[in-house]
Protein chains: 2
Amino acid sequence: MSSSGSIANRMRPGRTFVRGKMKEVSFINYIRSRSVFDPAVVPVGPGDDMAVVRCGGQDILVAADQVLDGVHFRLAEHGARAAGRKAMARNLSDVAAMACEPLAAVATVALPRGFSEADAKEMYAGLRELGDQFSCPLVGGDIATWDGALAISLSILATPGEAGIVLRAGSRVGDAICVTGAFGGAWHTLRHLTFAPRVAEGLILGRYGLHSMIDVSDGLAIDLGHVCEASGVGADVQAAAVPVHPDAQHRPDALAAALGDGEDYELLFTLPQDQAERLLADKPLGDVTVTRIGTIVAGAARSLVLADRRRQELVAGGWQHDT
Amino acid sequence: MSSSGSIANRMRPGRTFVRGKMKEVSFINYIRSRSVFDPAVVPVGPGDDMAVVRCGGQDILVAADQVLDGVHFRLAEHGARAAGRKAMARNLSDVAAMACEPLAAVATVALPRGFSEADAKEMYAGLRELGDQFSCPLVGGDIATWDGALAISLSILATPGEAGIVLRAGSRVGDAICVTGAFGGAWHTLRHLTFAPRVAEGLILGRYGLHSMIDVSDGLAIDLGHVCEASGVGADVQAAAVPVHPDAQHRPDALAAALGDGEDYELLFTLPQDQAERLLADKPLGDVTVTRIGTIVAGAARSLVLADRRRQELVAGGWQHDT
C-alpha cells in the first residue's frame, strides 16, 4: 500500500495538504501493521512500488495507482488525454522501479456527467499511448458515470526482468546512490503529464547488480528516505552533485526544487561502487543521464553535504539557507 | 472492459440513467473495437467477467471494478465498512463467474476530505472481511484525499480452478440455463451490500462441464443477454421457473423484479442437459439452490415463455402485462 505519487501531487502547489498527508501515511502504516502474508504466495506485500505474488512457480508483480481531477491533473486545463496518459505513465514508472517488464493493465474510470464521447475517446487514447509503446495492453476494467469528478484508477501487472526484481530494501553501507535524469519543476512545467516512464532504463540498470531502486514521485529527499527506511541505512547526498532539471534551474531555490518538488518519475537506485563505475563508464541509457549523487552510510541519518563540507539534514525543503 | 455492476446500480432506483448507460455501452464497444491482442499473451481480452493473461505458461485472470458513493452505495446511509465490503465482494463475484480461485487484490481509494481515521479503518475492515474469508490478500494500492466523494477501485487476480476457466462465450443450442439462488429486490433490501460471493460455488459448478457462466449484476435478463451475445445463441426462459427472492416476492411486479433488478450477484450458467440433471440430483452447493430456468436455442432471440405457452421478448422490465 503506497501513497507515493498521490501525496506528492497533493503537496503541489504550495504544500497545503501536509496535514492530510500525515494522516494517509499513518493509515498506510496501520494497514501494513495488520497485514500478514504467506511468503509462498505473497513474497513482497505492501510497501514497495509493486507487490509480488507467486503462482505456479511464476512471480507476478502488481500495483495500483489512481489519478484524480484536482489532485493529479486538472481536467479543465490539461484535458482528458493527459489524464489518461498520466494514469498509465505512473503505473509504468512503478514497473520501471522494480526493473520489471509490463504485462497488462486494467482500469476503472469514474466519468463526470457531461463527459463527452470525444473526451472519453481522448482519455482512452491517453491510456493507450504509453500502453502501446511499452507493450502493456489494457485488457479490462469498468466504466461508470457519477456526480463526481474524473477519477481513473489503473492496475498494472508485470513480470521480472532478466536480472530479477529490485526492491526498495537492500541498500548496503558503501553503496553509490545514483539517479537517472534531473529533478525539479515538473509540476510547474507540466512535465508530470508528459514524462517518459523509465521502463527500458530500469531493465538495463537491473544488469548492474542494483541493491535497491525506487521511482521519484514524492521527491528526491522523500523517496531516498523510503529506500533508507526500507533498507535500514542512512545516506550522504552531495548537494553539488544533485542534477537540477532545466525546468527549475532558473529558480532561486533550485536545489530545494530538485530535492523536494517530486513528480519527476526518474529512477533512484543504489549499487556497489564498482558497479557504479562500470555503469558511469558504459553509459548504457543513451540520452538518459546517470548521476552519482551520494553514498549509503551506516545509521539512519540522511544528510545533505554542502560544498564547504557542512552537513544538513536532508529534507524535502532542501538547502536551509539560514543554518 | 465491462460496465456490468455499475450500470445496474445506476439504473436503481427508477432507471433514471438509461441514457448514460447507452453511452457507456457504446464507449465500451468502441474500446473493444480498437483492441487487438496477441492471443499468446492475452487469451481472453475485454468483454468477459475477467481477462486472462498468460505468463510463463501460467494463466492469470485479472479484473477491475469500482464502487462510487452515490452510485454503488451511499456513504452517509450505508457507512464505510459496507462500501469496502462491496468493493471486494463485486470483484470476488467476477472470480466466481470464471470458476476461478482468488489470488490477491490491489485497491486505490479516493478519500473525501473529512473522512475520519475511524471511517478509514472501517472501510479497510470491509475490504478485509471477504478478502480474508476467500484467501484474497490485499497486497497493495494507493490512497489519496480529494475534494470528491469516496471512490474505491479494486483489481483482483485469480487462477483457474481445477476444471479450467468458464467464459461467457460457449453456450450451445440445447444447453440447460441454470442459476444459483433467487432474484429481485437486492437494491431495496440492501442485499447488494451483504451478499456472499459465489466463489466456492463457482469452483464446484466448474466440475459439471459448464459451457458458459456469468454473475448476475445487471439483472437476469440483461446478463443472460450477455451470455447469448457472446455465444451467438438465443434463449427460452420459463417464467414460472424463475426463482424470485423473498426480497421481491411481495411485490406486484415480482417477476419483473427478478428479471430486471440486478445486484443479485448470483451465478447464471449453461451446460448440457445431462450434466444439469446430474447437478440437480447431486445438490453439491449445500444451502445454495440451483434452478433450471430455461434452454439455449438457435438464433438470437431471448424469450420469456409464460405458463400458457405464450412467448414474449425477454427484457429487463420482465413480464409485459399489456401484451
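What follows is a short chat about a predicted two-chain model.

Me: Before we dig in, what should I know about numbering and confidence?
Reply: Residues count from 1 along each chain as its sequence is written, while chains are lettered from A and ligands numbered from 1 in the order in which they are written. As this is a predicted model, local features need pLDDT of at least 70 and side-chain atom pairs count only at pLDDT 80 or more, while totals for chains, interfaces and linings use all residues.

Me: Cool. How many residues does each chain put into the A–B contact?
Reply: Chain B gives 58 residues and chain A gives 58 residues. Contact here means that the C-beta atoms of two residues, placed from the backbone, lie within 7 Å.

Me: Which elements of chain B supply at least two residues there?
Reply: Among them are α1 (4-10), α2 (18-33), β2 (58-68), β3 (100-112) and α4 (117-133) of chain B. Elements are DSSP runs numbered from the N terminus, with helices being H or I of at least four residues and strands E of at least two.

Me: And what's the class make-up of that side of chain B?
Reply: It has 33 nonpolar, 17 polar and 8 charged residues. Nonpolar covers Ala, Val, Leu, Ile, Met, Phe, Trp, Tyr, Cys and Pro, charged covers Asp, Glu, Lys and Arg, and the others, Gly among them, are polar.

Me: How are the two copies related?
Reply: A 180° rotation with 0.0 Å of shift along its axis puts chain B on chain A, at an RMSD of 0.0 Å. The copies are thus related as by a two-fold rotation axis. The fit is by least squares on C-alpha atoms of residues with pLDDT of at least 70 in both. Also, 100% of the interface residues of chain B are interface residues in chain A too, so the copies meet through the same surface.

Me: Switching to chain A alone, what domains does it have?
Reply: Domain 1 (37-160) and domain 2 (176-313), with bounds from an automatic or database domain assignment. Their centres, taken over C-alpha atoms, are 24 Å apart.

Me: Which element gives the most to domain 1's side of that contact?
Reply: The contact takes 18 residues from domain 1 of chain A and 16 residues from domain 2 of chain A. On the domain 1 side, α3(A) gives the most, with 11 residues.

Me: Now helix α7 of chain A: how far does it reach?
Reply: α7(A), residues 220-231, has 12 residues and reaches 16 Å from first C-alpha to last, close to the 16 Å expected at 1.5 Å a residue. The expected span is 1.5 Å times one less than the number of residues.

Me: Is it mostly covered or mostly open?
Reply: Mostly covered, as 10 of its 12 residues are buried. Buried means 20 or more other C-beta atoms within 10 Å of a residue's own, exposed means 12 or fewer, and partly exposed is in between, with C-beta atoms placed from the backbone. The buried residues of α7(A) pack against elements of chain A including β7 (212-215) and β9 (267-271).

Me: How do β7(A) and β9(A) run?
Reply: Antiparallel, joined by 4 bridges; strands pair if DSSP finds at least two bridges between them. A:Met213 stands opposite A:Phe269 in β9(A).

Me: Last one: what does A:Asp147 touch?
Reply: Leaving out residues up to four places away in sequence, A:Asp147 touches A:Arg113 and B:Gly70. A:Asp147 sits in the loop between β4 (138-146) and β5 (151-160) of chain A and is partly exposed, with 13 other C-beta atoms within 10 Å.
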